[in-house]
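Biologist: I would like to learn how to read a few features of a model. Could you walk me through them?

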Amino acid sequence: MTLTKPQFRYHFIDVIQIPVLSLCLLLSCTPASPKITLSREKVPDRGVVEMEGTGFSPKSSVMSHLKRPDGTEFPPLRFIADDKGELAHKINTMELQLGTHEVWVVDRNGVSSNVERFEVLPEQK
């Protein structure tokens, strides 16, 4: 009687590869979380802060929120993300109160970006 090696080796590798492949497909198909960045954290009165966003639903409506230092919020602004799910907007600080403001953007699916802050400083003469 001759013993041969079991033929399980190749089947075992195939069984392992299927969950790994499924995990890779799941991760690659998962949409990125919306994220915004600001060009600066401190800006003089009568300055500009540039906001850029990524990870939003492509070609969809998003709502940008801006909270004043006193905790009240400006009416949200509606933007359309481009075909890559990105957006850009310039925030003019000329009519903003001095102090720290918060900005965030909400995707059409109700998913919120991170919250970024910038401080409006008195104009230096």
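Modeller: Here is a short tour of a buried acid, a core and two backbone angles. This is a predicted model, where local features need pLDDT of at least 70, side-chain atom pairs count only at pLDDT 80 or more, and totals for chains, interfaces and linings use all residues. Residues are numbered from 1 along each chain as its sequence is written, and side-chain values use heavy atoms, with hydrogens and water left out.

Biologist: Is Asp107 buried or exposed?

Modeller: Buried means under 20% relative accessible area, exposed over 50%, partly exposed in between (1.4 Å probe, protein chains only). Asp107 is buried, in the loop between β7 (99-106) and β8 (116-121); strands are DSSP runs of E, at least two residues, numbered from the N terminus.

Biologist: Which backbone atom does the side chain of Asp107 reach?

Modeller: The backbone nitrogen of Ser57, at 3.0 Å.

Biologist: How should I read the core?

Modeller: In soluble globular proteins, nonpolar side chains tend to be buried together. Here the largest nonpolar core (buried Ala, Val, Leu, Ile, Met, Phe, Trp, Tyr and Cys joined through side-chain atoms within 4.5 Å) has 17 residues, and Met51, Phe56, Val103, Val105 and Phe118 have the most contacts inside it.

Biologist: And the phi angles?

Modeller: Most residues other than glycine have a negative phi. Arg46, in the loop between β2 (42-44) and β3 (48-54), has a positive phi of about 70 degrees. Lys59 also has a positive phi, of about 55 degrees, and is exposed, with a relative accessible area of 63%.

Key
Helix = DSSP H or I, 4+ residues; strand = E, 2+ residues; numbered from the N terminus. Lys, Arg positive; Asp, Glu negative; His and termini not counted. Salt bridge = Lys/Arg side-chain N within 4 Å of Asp/Glu carboxyl O. Polar contact = N/O pair within 3.5 Å; in protein donor to acceptor, adjacent residues only side chain to side chain.
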